[in-house]
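Me: Can you put the model up? I have some questions about empty spaces and the surface.

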Amino acid sequence: MEKTMAGNAFAGEVSGETQNKLNKYSLACAIIASIISIIFGYDTGVMSGAMIFIKDELNIDDVKVEVLAGILNLCALVGSLVAGRTSDIIGRRYTIVSASLIFMVGAILMGYGPNYAVLMIGRCITGIGVGFALMIAPVYSAEISSPSYRGFLTSLPEFCISFGILTGYVSNYCFGKMAVKIGWRMMLGIAAIPSLVLALGILKMPESPRWLVMQGRLKEARDVLAKVSNSEEEAAMRFRDIKLAVGIPEGCEEDVVKLNKDTHGEGVWRELLITPTPSVRWILVAAVGLHFFEHSTGIEAVILYSPRIFKKAGIASKDKLLLATVGVGVIKTLFILVATFLLDRVGRRRLLFTSTIGITISLSSLGFALTMVEHSNGELFWALILSICSVYMYVAFFSIGMAPITWVYSTEIFPLKLRAQGTSIGVAVNRTMNAVVSMSFISIYGAITIGGTFFMFAGISIIALIFFYFFLPETKGKSLEEIEMLFGKNAEPSAKGDGREKDDV
């Protein structure tokens with residue numbers, strides 16, 4: 001008892017004196033790791049405009065457009081499941097390198113794209129890279145950060161995705177002025193350049209200290225923690241807690257130890273899916289639910305098909321369509337940036353509730369405006385303005401809560417051994433729903449009208465709000481191991497965090 005109390009007192013002292021300060025080295029590592037997300041975001045954003053020109057040059061119908069848009073996400077599903085085990089075997093850092101190289105190959109093929117078949121192959125390869133990127137960037141960021149700034153650092157990949165989407169929209173607008181045959185190929189192929197730069201630059205980054213401890217490489221883990229912590233005391237505390245989580249005695253000071261249990265992810269699928277404990281089952285439900293609702297509320301329809309939405313609302317020229325789409329990227333990037341500073345101050349639940357309520361109102365407003373336009377004989381200027389404002393408001397509310405929290409929350413709630421592959425399950429669900437929406441949006445609005453489609457998304461967002469209320473406890477300021485305890489048998493789903501910043505694990 002006395003030892004526990006002393007440890008808690010020591011932890012509180014370290015927390016108060018050191019963890020309130022953002023470590024610059026851990027920030028730099030998270031930023032570099034998140035660059036992979038910029039490349040993914042760019043590919044998502046640029047495809048929304050490129051499809052306009054691809055359809056014209058290759059003379060493809062709407063079904064092929066839907067398949068081209070959605071196939072990336074089906075391949076990302078495969079990539080995310082492979083990436084979880086891969087990162088447990090080769091480490092977080094080399095998994096990011098692998099993602100970069102896969103992106104580069106996909107971008108080169110799409111930029112070449114002499115026909116629809118080659119374009120699809122490039123899109124599929126890029127999709128595998130997307131699966132790797134979505135899994136590994138938030139996991140790496142979470143594992144090098146301390147509790148007081150984990151929300152900020154883990155949300156950086158989502159900010160980078162938004163920034164990438166914005167650069168994709170700007171690329172559409174700039175390259176769209178070139179000859180059709182060259183323009184869309186430049187849009188898609190230019191992503192190969194940052195992919196190669198990242199693959200080389202990532203080698204300068206340290207490996208995740210948690211992964212190193214899981215491999216028994218204690219000296220390397222100590223060295224990394226010394227760099228990503230603000231003091232020797234904080235580094236020692238974090239090192240001690242990681243060792244205990246892995247099952248290494250607290251007093252062990254050897255440089256390398258041989259662990260008797262699995263260290264490369266063996267048996268994790270069984271613990272997650274076949275024989276999960278009650279807490280792991282709840283964690284899995286929470287993570288899967290978050291990823292499911294992130295895309296079933298329609299964000300991919302707005303991001304990927306915003307030119308079509310604005311055209312339905314009444315904007316005719318391609319230049320104006322692409323310019324209005326740039327506005328979507330600007331709003332998304334700005335509000336994600338705001339969210340990164342609010343996550344560790346306001347908390348996950350409060351931001352998520354605000355976000356979901358705003359999404360419901362925005363989608364209902366957009367559905368109403370598009371329905372009025374569809375049933376009018378002439379142009380309705382007020383409905384056009386309401387449609388544009390509703391789209392921007394929807395993107396703003398989505399970006400300030402649901403977008404970053406999905407990745408921060410689903411990454412931090414899994415126990416250390418289950419984190420990589422548990423996160424990969426969430427990413428797989430995320431990409432599945434993304435594919436479903438992107439490959440069916442045109443068909444659905446053809447069947448129930450475009451206004452009716454957004455009313456459907458609004459209904460789903462109400463269900464999401466109920467799910468979030470009952471299944472997602474607050475995690476702000478808690479260590480990764482304390483978060484696991486929140487999901488124990490006696491924890492209440494709606495339990496609020498106490499706001500205290502605890503030691504990281």
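Reply: What follows is a short chat about cavities and a surface patch.

Reply: This is a predicted model, where local features need pLDDT of at least 70, side-chain atom pairs count only at pLDDT 80 or more, and totals for chains, interfaces and linings use all residues. Residues are numbered from 1 along each chain as its sequence is written, and side-chain values use heavy atoms, without hydrogens and water.

Me: How many cavities of 30 Å³ or more are there?

Reply: Five. A cavity is a set of points on a 1 Å grid over the protein atoms alone where a 1.4 Å probe fits but cannot get out, and its lining residues have an atom within 4 Å of a point. Volume is the space filled by probe spheres set on the points, which are joined across faces, edges and corners.

Me: What volume has the largest cavity, and which residues are closest to its centre?

Reply: About 210 Å³. Of its 22 lining residues, F40, H295, E300, R431 and N434 are the closest to the centre.

Me: Which helix gives the largest share of that lining?

Reply: Helix 14, with four residues. Helices are DSSP runs of H or I, at least four residues, numbered from the N terminus.

Me: And the second largest cavity, what volume has that?

Reply: About 50 Å³. Its lining includes K21, S145, Y149 and E234.

Me: New topic. Is F471 buried, exposed or in between, and why?

Reply: F471 counts as partly exposed because its relative accessibility is 35%; buried means under 20% relative accessible area, exposed over 50%, and partly exposed in between (1.4 Å probe, protein chains only).

Me: Where is F471 placed?

Reply: In helix 19.

Key
Helix = DSSP H or I, 4+ residues; strand = E, 2+ residues; numbered from the N terminus. 1 Å grid on protein atoms, 1.4 Å probe; cavity = no way out; pocket = protein on both sides within 12 Å on 5 of 7 lines; lining within 4 Å.
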